[in-house]
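This report goes through a few local features of one structure, for a reader who has not met it before. The sequence and the model come first.

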Amino acid sequence: MSRIAQRFEQLKAQGRTALVPFVTAGDPGPATTVPLMHAMVAAGADIIELGVPFSDPMADGPVIQRATERALAQGVRLADVLEMVRAFRERDSETPVVLMGYLNPIEIMGYAAFAERAQAAGVDGALIVDVPPEEGHELVTTLKAQGLDLVYLLAPTSTDDRIKRIGGVASGFVYYVSVKGVTGAANLDTADVAEHLARIRSAVELPVGVGFGIRDAETAARVAEVADAVIVGSAIVGRIEALAETPERIPETVAAFLAELRTAIDGAR
Amino acid sequence: MAINADTSQAERLDPGRAAAYDLPDATGHFGPYGGLFVPETLMHPLEELRLAYERCKADPEFQAEMDADLRDYVGRPSPLYHAERWSRELGGAQIYLKREDLNHTGAHKVNNTIGQALLAKRMGKTRIIAETGAGQHGVASATVAARLGLECVVYMGEVDVARQEANVYRMRLLGAKVVPVTSGSRTLKDALNEAMRDWVTNIDDTFYIIGTVAGPHPYPMMVRDFQTVIGREARAQMLERTGRLPDALVACVGGGSNAIGLFHPFIADTDVAIYGVEAGGEGVETGHHAAPLCAGRPGVLHGNRTYLMEDDNGQIIETHSISAGLDYPGVGPEHAWLKDSGRARYVSITDDEALAAFHHLTRTEGIIPALESSHALAYAHKLAPTLRPDQSVLVNLSGRGDKDMHTVARHDGLVL
């Protein structure tokens, strides 16, 4: 069983919803990321999503775009991100790490080389934003051969046919994009999310995470009532941006925010 | 990734079997290129777009409406002009110019925006968005939006907004909102990212008019179909005028919509040589250029797999061309396929060569070409003398040079 599946089993047994923070690797500098990952785990993160910087992040809102630009300006590339995961694994062999990004850096490295290197570094899965199942066959096969999960997105525009199809090829969990929009959107409608999740659960057996637009303890708690995982990105990355000049303060600040989310999520069930 | 692995399709492009050319396939691929590399939110809307387009394509009423607009509003058919003085001077092949510069709004771009705007109307969309580099596609989009009474938002890199002031003003006069894009390199590729972000956010009422033969399926096919009016007309005009097909076609390639529009109706005519001309900038060897087919490699950007300008880590790199309309790190996937299959050849022309051709056509034929089109003219200037006077070269004069006055003057040390 993969580390991701194992983690969801544990949470299910405990009756808890996963807290999944997203940070862009190498933002605001490469030295920040590994200590930040440990601090997030200590504050209650169940799975970590690590953004791989790409020059053209077309699904991201301004907050994560700027994080990407900061990381790229520091020269952070896919190979560096894999090295960060390897360093993280020296002290944490349990928390699943999912890479989130765009296809082109992987395409250049080569699917097989990426899968091998990611597996060796201790990565558990990947969510490639611009790879729908129609284009994902070769990638999913290559990742699976190394025991890696390919997490797929579902959206408010996904038809029942698509939901079924994606449920059939995804592994680890599926990521429901709660709004029509980019990361960091402001207009999360929890009733609407609950309705979509019911539809998804009737066709997909995997755990369902919800992300995009979860900005505070209150929205996190509301989403936690219906989701298996609450994914928070821009709200964390915005806090990192505010401290870009004093990066030594980032881990404790993000940890304090996650602790707040953790309490709210655990209180919701 | 399986570049060059699809031999069955390579065989289909074999000269003897060229009549079978029928790409993209049902999933939007041209061999290994093209496809649908977009976030899940866009997948169903793109499927709806594909179905709506298939319906319109088969609908005689839609085609009649489109033909009438192209005739009465755009001014089609555009003339075929024999550049006799220039041909005589070079002493080689006869050069013919397909005069897309005479279209309403001054370039080939309007052929596509007319089609997509009619489709938007059929689909009940009330708002259109577009990306633009030089501003030509933005103007063509704002124009059709004004005519159909649709709200129009145009995304344009901050750098381009500054260097194409006149076109920004034209768009605003036409009632469009021009949004300067400040992310990334602040040029065309970033404007495309921003338009995608708008589309994913406003998917219910918004139609995204992509300006070139790139992006996710069905855009490369749909934009091509709207632009093939260029090649269909030119083919008939050449046959009528000279009694035979041209020996060579030449067109500039940024995203490649004017080029594919000219090339596509000739793909099965294997005796016709096809040349696509990329922007060589300061020279391909300097790295400062926008010639992904000549000097890039395959990758995935903006919804499709194609040749890209990228570094060893898969990051898209900044491009350079004197012509804003060619200043793009990717290229339409069908060009990638035509290159690999050998049916078309892709070459590059530097900024200086394009400028020289700009001045030369202006003084020799009394036609001021766009800097984009000047790249094609510069290559024709090299190609024609290698052919006999009883042969012919057909060049797509894709746009007029009015928009480039400031750029050319600045190069000549003048400020207008």
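## Salt bridges

Across all chains, the structure holds 46 salt bridges. The model is a predicted one, and the distances and areas in this report are computed from it. Side chains of opposite charge can pair when their charged atoms come close.

One of the bridges is in chain A, where the side chains of A:E241 and A:R66 meet with 2.6 Å from N to O. A:E241 belongs to helix α11 (residues 234–242) of chain A and A:R66 to helix α3 (residues 62–73) of chain A, so this pair ties together parts that lie 175 residues apart in sequence. A:E241 is partly exposed, at 23% relative accessibility. A:R66 is also partly exposed, with a value of 37%.

## Two bridges in chain B and a network in chain A

In chain B, the side chains of B:R186 and B:E158 form a salt bridge of 3.1 Å, N to O. B:R186 sits in the loop between β7 (177–181) and α9 (188–201) of chain B, while B:E158 is in helix α7 (residues 158–163) of chain B, so the bridge links parts 28 residues apart in sequence. B:R186 has a relative accessible area of 34% and is partly exposed. For B:E158 the relative accessible area is 34%, again partly exposed.

Another salt bridge joins B:R388 to B:D390, and their closest N and O atoms are 3.0 Å apart. Are these two residues buried or exposed? B:R388 is partly exposed at 48% relative accessible area, whereas B:D390, at 53% relative accessibility, counts as exposed. The line between the two classes is drawn at 50%, so B:R388 falls under it and B:D390 over it. In chain A, salt bridges with shared partners connect A:R16, A:D46, A:R262 and A:D266 into one network.

## Cysteines

How many disulfides does a search of the whole structure find? The search gives zero over all chains. B:C152 is in no disulfide, and the nearest cysteine sulfur, belonging to B:C56, is 20 Å away. A disulfide needs two cysteine sulfur atoms within 2.5 Å, so the 20 Å distance rules out a bond between B:C152 and B:C56. B:C152 is buried, with 5% relative accessible area.

B:C294 is likewise in no disulfide; for this residue the nearest cysteine sulfur is that of B:C252, 13 Å away. B:C294 is partly exposed, and its relative accessible area is 33%.

## The annotated lysine

An unreviewed UniProt entry places the feature "modified residue: N6-(pyridoxal phosphate)lysine" at B:K109. In the model, B:K109 is found in helix α5 (residues 109–122) of chain B. B:K109 counts as buried because its relative accessibility, 17%, is under 20%.

Which residues does B:K109 contact, leaving aside neighbours within four places in sequence? They are B:Q136, B:H137, B:A140, B:G211, B:T212, B:Q227 and B:S257.

## A helix pair in chain B

B:Q227, one of the contacts of B:K109, is also part of a helix packing. Two packed helices are described by the angle between their axes and the distance between the axes. Helix α10 (residues 219–227) of chain B packs against helix α11 (residues 229–242) of chain B at an angle of about 35 degrees, and their axes are 5 Å apart.

From α10(B), the residues B:D225, B:F226 and B:Q227 meet B:V229, B:I230, B:G231 and B:R232 of α11(B). The residues of this contact divide into three nonpolar, two polar and two charged.

Key:
Residues numbered from 1 in each chain as written. Chains lettered and ligands numbered in written order. Predicted model: local features only at pLDDT ≥ 70, side-chain atom pairs only at ≥ 80, totals over all residues. Heavy atoms only, no water. Axes fitted to C-alpha atoms, helices over the stretch in contact; angles between N-to-C directions. Helix = DSSP H or I, 4+ residues; strand = E, 2+ residues; numbered from the N terminus. Contact = heavy atoms within 4.5 Å. Nonpolar A, V, L, I, M, F, W, Y, C, P; charged D, E, K, R; others polar. Buried < 20%, exposed > 50% of the residue type's maximum accessible area, 1.4 Å probe, protein only. UniProt positions renumbered as here; feature names shortened; annotations may be inferred. Salt bridge = Lys/Arg side-chain N within 4 Å of Asp/Glu carboxyl O.
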